[in-house]
Amino acid sequence: MAGNKQFENGDWVQGRSREGELIHGFIETLSRNEDLVKVNVVESDNEKAIGKAIWIPSKWTEKLSDLEISNESDVLALIDLALISKDETWFMELSGKLESIKIHPKLITEKSDFISGGNRIAKLDLNK
């Protein structure tokens, strides 16, 4: 049921559109009872859906877990996305993260623990 998913604006989700297309994007708007979510589609198996915002039943979506981004190139890519989506709050948050990476690059890039220990790939040493 949608009520126990607790979606919020800005949450990254994946799921299917009403036409059955696979979609991946972020929530722009929630209906009052959260039965419907408006998703800004970033990736899809239907290229025409990319860049559009579509309303879909929330039960057809799955909230994606947050990923800790700790390298400069990934943060810069997300800053571009924040600019494209005109999300000033996210832009400011990412700009602060970028600044902290530039101030303390060795602390962040020594080893990355963003892949969980249960992953079959195990932990990656990104400095190799």
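Let's start with Val 13. Leaving out residues up to four places away in sequence, Val 13 touches Phe 7, Ile 23, His 24, Gly 25, Ile 27, Val 39, Thr 61, Glu 62, Lys 63 and Leu 64. Contact here means heavy atoms within 4.5 Å.

A word on the source. This is a predicted model: local features need pLDDT of at least 70, side-chain atom pairs count only at pLDDT 80 or more, and totals for chains, interfaces and linings use all residues. Residues are numbered from 1 along each chain as its sequence is written, and side-chain values use heavy atoms, with hydrogens and water left out.

Back to Val 13. Val 13 belongs to the largest nonpolar core. That core has nine residues: Phe 7, Val 13, Ile 23, Ile 27, Val 37, Val 39, Val 41, Ala 49 and Ile 56. By nonpolar core I mean a set of buried Ala, Val, Leu, Ile, Met, Phe, Trp, Tyr and Cys residues joined through side-chain atoms within 4.5 Å. Buried is under 20% relative accessible area, exposed is over 50%, and partly exposed is in between, with a 1.4 Å probe and protein chains only.

Where does the largest share of this core come from? From β3, with three residues. Strands β2 (22–30) and β3 (36–44) each supply at least two. There is also a second, separate core of eight residues. It includes Val 75, Trp 90, Leu 94 and Leu 98.

Now the overall layout. The chain has three helices and five strands. Along the sequence the pattern reads β-β-β-β-β-α-α-α. These are DSSP runs numbered from the N terminus: helices are H or I with at least four residues, strands are E with at least two. Of the 128 residues, 26% are buried. Take the contacts with a separation of 6 or more: residues 24 or more positions apart account for 36% of them. The exposed area is about 9100 Å², and carbon and sulfur atoms supply 51% of it. Those areas come from the Shrake-Rupley method with a 1.4 Å probe; for residues, only the protein chains shown count as cover.

Next, helix α2. It spans residues 88–103, so to speak sixteen positions on the page: 16 residues, 23 Å from first C-alpha to last. The expected figure is 22 Å at 1.5 Å a residue, and the helix is close to it. That expectation is 1.5 Å times one less than the number of residues.

Which residues of α2 are buried? Trp 90, Leu 94, Leu 98 and Ile 101. They cover an arc of only 75° around the axis, which puts them on the same side of α2. The arc is that of the directions from the helix axis to the C-beta atoms. In general, an α-helix has 3.6 residues a turn, so residues three or four places apart point the same way. On the other side of α2, Glu 88, Thr 89, Met 92, Glu 93 and Ile 103 are exposed.

The N-terminal end of α2 is capped by Asp 87. One of its side-chain oxygens lies 3.4 Å from the backbone nitrogen of Thr 89. Just before that comes Lys 86, in the loop between α1 (72–84) and α2. Lys 86 is not a glycine, yet its phi is positive, about 55°. Lys 86 is exposed, at 74% relative accessibility.

Glu 34 also has a positive phi, near 60°, and is a residue other than glycine. Glu 34 sits in the loop between β2 and β3. At 21% relative accessibility, Glu 34 is partly exposed.

Two strand residues to finish. Ser 44 is in β3, and it is buried at 16% relative accessible area. Its side chain makes two polar contacts: the backbone oxygen of Leu 22 at 2.9 Å, and the backbone nitrogen of Asn 46 at 3.0 Å. A polar contact is a pair of N or O atoms within 3.5 Å; within protein, one must be able to donate a hydrogen and the other to accept it, and residues adjacent in sequence count only if both atoms are side-chain atoms.

Then Phe 26, in β2. Phe 26 is buried, with a relative accessible area of 12%. Beyond four places in sequence, Phe 26 touches residues including Trp 12, Val 39, Val 42 and Ser 85. The C-alpha atoms of Phe 26 and Ala 53 are 9.2 Å apart, with their positions 27 residues apart along the chain.
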